[in-house]
Structure formats: structure tokens, C-alpha cells
Amino acid sequence: MEPLSKIWSQMTGMQKLGTARCFIVMPLLLLSFTLSSSFWMFLAPVILPWCMYIAYNHGRNSHSLQAVNGFQQAAIKPVFLGMTTKLWYIAGAVAGVVMIVGIMVTYPDDSSAPATTALYFAVFCSFFCCSFLTRAGLRMGWSSVIECDPGTDAAQVVRLVNPDAVKRQQLIYTLAGLVVLLGALSSLSRTYPLWANGSGSSSALTSDEEGLRNALGN
């Protein structure tokens, strides 16, 4: 299986942007959902396999675009660390459940108290799990197809019907990822301080700011 460094060197600029999107947007999206509310937090078992799915398809499509002489299915299904794609999807869902349980266990009983332990656990799980599944998906997707040698039987060769359409699709997905990134950062700018400082109405205020607020209120 191709190492990620070799895959990266063979990609075009747009494909590299798509790879960066997978590594940056998905962790921030998962963390944003986790810190937004208890309801969104329960989507972790869905987002993590989805992260693997997006990375797998991105790697597969990227390799297909590099195949000048056409491409075909690899004779052996890709395996990463002894696990097939299906098993990695299941592992992603299990990791999402473990993440939810860990956050619920480490979250303090007092909702106005800082939830720093739960916050650190959520940050670690979001970035580690998403990055690891993205890495696995990219490598497995890239290895799921192989480029055909010149002169290969035409019946065994698959060619992209419209490679330009695939490139436009990658551009659209990358722009959509930018929108999701901005939305996730906007959400985290509000929710992250609440977890770090406590969710009380005055949790983010210093003692001087609290005194000034009380003075103005009187």
C-alpha cells in the first residue's frame, strides 16, 4: 500500500486541497458538534465512519485521475493494519460511541463548572480519530484501483467519462468544506469558552468585569 507521503507527491494542487480538507474540516466539524449540545454529540458514531468514507472516495478518485492509460480494480481489496474497509467503518462507529461515553463520564455534575477534562478528551478524540481514519481511508482508496499499463486489453480498462467534471466536483467539495470550516470555527468560538470556563452566565467574566457589570446594573 502506498505511503501517504508518496500519494501526496503524486496529487495535483486541487487534490492536495481536498486532502487538507479531510484532515482539517472533519475534526473541527466533529468537535463543533460535540460541544454544541448533547443531541449533536450523539452524531459522533456517524461522523467518524463518514470521515473514513470521504477520505476513501477522495483517494480513489485522485488515483483514478492520475491513470493516463485508464484504471481497473485492484486484484486484492485494500487492507490497512490488517483490517478491511468494512471493518474500519465499524471501528469508526465504535470509536464514536466510546467518545460519547468518555465525555459523559468526565463531564462534571455541576453544569456551571468548567468541563476541562471532558473538553480535552473531546479535542483529542476528534483530532486523533478523524486524522487516523482519514489517513486510513486515503491510503485504502488510493490502493483500491491501479493504473493500467499501455496496451492493456480495452475490455479491462476503465476510463473517466468526464475527468473535467470530476475536477469541478472536487472544487465544489473543497469550497463546501471551506463553508463548513467557517461554520465550525464560528460555533467553537461560542461553545469552547463555555466548556473551558463553565457554562454559567458570568463564567467568562473576570472579577473586575463582574464588579463593573454589577455597578452598571445598579
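Here are some short exercises with worked solutions on a predicted model.

**Exercise 1. Characterise the largest pocket: find its volume, the residues nearest its centre, the helices that line it and the classes of its lining residues.**

Solution.
- Step 1: Start with the general idea. Rolling a probe the size of a water molecule over the atoms shows where empty space is left.
- Step 2: Take the volume. For the largest pocket it comes to about 440 Å³.
- Step 3: List the lining. There are 17 residues around the largest pocket, and Arg21, Cys22, Trp50, Ile54 and Tyr173 lie nearest its centre.
- Step 4: Assign the lining to helices. At least two residues each come from helix H2 (13-36), helix H4 (44-66) and helix H7 (163-197).
- Step 5: Sort by class. The lining of the largest pocket holds 10 nonpolar, 6 polar and 1 charged residues.

**Exercise 2. Do the same for the second largest pocket.**

Solution.
- Step 1: The volume of the second largest pocket is about 220 Å³.
- Step 2: Its lining consists of 16 residues, with Ser64, Leu65, Ala67, Leu160 and Pro163 nearest the centre.
- Step 3: H2, H4 and H7 each give at least two residues to the lining of the second largest pocket.
- Step 4: By class, this lining splits into 8 nonpolar, 6 polar and 2 charged residues.

**Exercise 3. Describe how H2 and H7 pack: are they roughly parallel or roughly antiparallel, and is their crossing left-handed or right-handed?**

Solution.
- Step 1: Recall what is needed. Two packed helices are described by the angle between their axes and the distance between the axes.
- Step 2: Read both values. The axes of H2 and H7 cross at roughly 30 degrees and come within 8 Å.
- Step 3: Apply the cut-off. Angles under 35 degrees count as roughly parallel, and H2 and H7 are therefore roughly parallel to each other.
- Step 4: Add the handedness. H2 and H7 cross in a left-handed way.
- Step 5: Look at who makes the contact. Where H2 meets H7, the residues are 17 nonpolar, 10 polar and 1 charged.

**Exercise 4. Locate Leu81 and Met83, and decide for each whether the residue is buried, partly exposed or exposed.**

Solution.
- Step 1: Place Leu81. This residue sits in the loop between E1 and H5.
- Step 2: Check its exposure. Exposed means over 50% relative accessible area, so Leu81, at 62% relative accessibility, counts as exposed.
- Step 3: Check the backbone. Most residues other than glycine have a negative phi, and most peptide bonds are trans. Leu81 is not a glycine, yet its phi is positive, at about 55 degrees.
- Step 4: Turn to Met83. It belongs to the loop between strand E1 (71-73) and helix H5 (85-106).
- Step 5: Classify Met83. Its relative accessibility of 23% makes it partly exposed.
- Step 6: Compare sequence and space. Met83 and Arg159 are 76 residues apart along the sequence, and their C-alpha atoms are 29 Å apart.

**Exercise 5. For Ser62, Ile146 and Val158, give the element, the burial class and the C-alpha distance to a residue elsewhere in the sequence.**

Solution.
- Step 1: Ser62 is part of helix H4. Buried means under 20% relative accessible area, so Ser62, at 0% relative accessibility, counts as buried. Its C-alpha atom is 9.4 Å from that of Lys167, with the two positions 105 residues apart along the chain counted as their separation.
- Step 2: Ile146 is in strand E2 (residues 145-147). With 35% relative accessibility, Ile146 counts as partly exposed. From Ile146 to Arg60, 86 residues apart along the chain, the C-alpha distance is 9.6 Å.
- Step 3: Val158 lies in the loop between E2 and H7. Its relative accessibility is 40%, so Val158 counts as partly exposed. The C-alpha atoms of Val158 and Gln73 are 8.7 Å apart, while the residues are 85 apart along the chain.

Definitions and conventions:
Residues are numbered from 1 along each chain as its sequence is written. This is a predicted model: local features need pLDDT of at least 70, side-chain atom pairs count only at pLDDT 80 or more; totals for chains, interfaces and linings use all residues. Side-chain values use heavy atoms; hydrogens and water are left out. On a 1 Å grid over the protein atoms alone, a cavity is a set of points where a 1.4 Å probe fits but cannot get out, and a pocket is an open set with protein on both sides within 12 Å along at least five of seven lines; lining residues have an atom within 4 Å of a point. Grid points are joined across faces, edges and corners, and a volume is the space filled by probe spheres set on the points. Helices (H or I, at least four residues) and strands (E, at least two) are DSSP runs, numbered from the N terminus. Ala, Val, Leu, Ile, Met, Phe, Trp, Tyr, Cys and Pro count as nonpolar, Asp, Glu, Lys and Arg as charged, and the others, Gly among them, as polar. Axes are lines fitted to C-alpha atoms, for helices over the stretch in contact, and angles run from 0 to 180 degrees between N-to-C directions. Angles under 35 degrees count as roughly parallel, over 145 as roughly antiparallel, 65 to 115 as roughly perpendicular and the rest as oblique. A crossing is left-handed if the near helix is turned anticlockwise from the far one by less than a right angle, and right-handed if clockwise. Buried means under 20% relative accessible area, exposed over 50%, partly exposed in between (1.4 Å probe, protein chains only).
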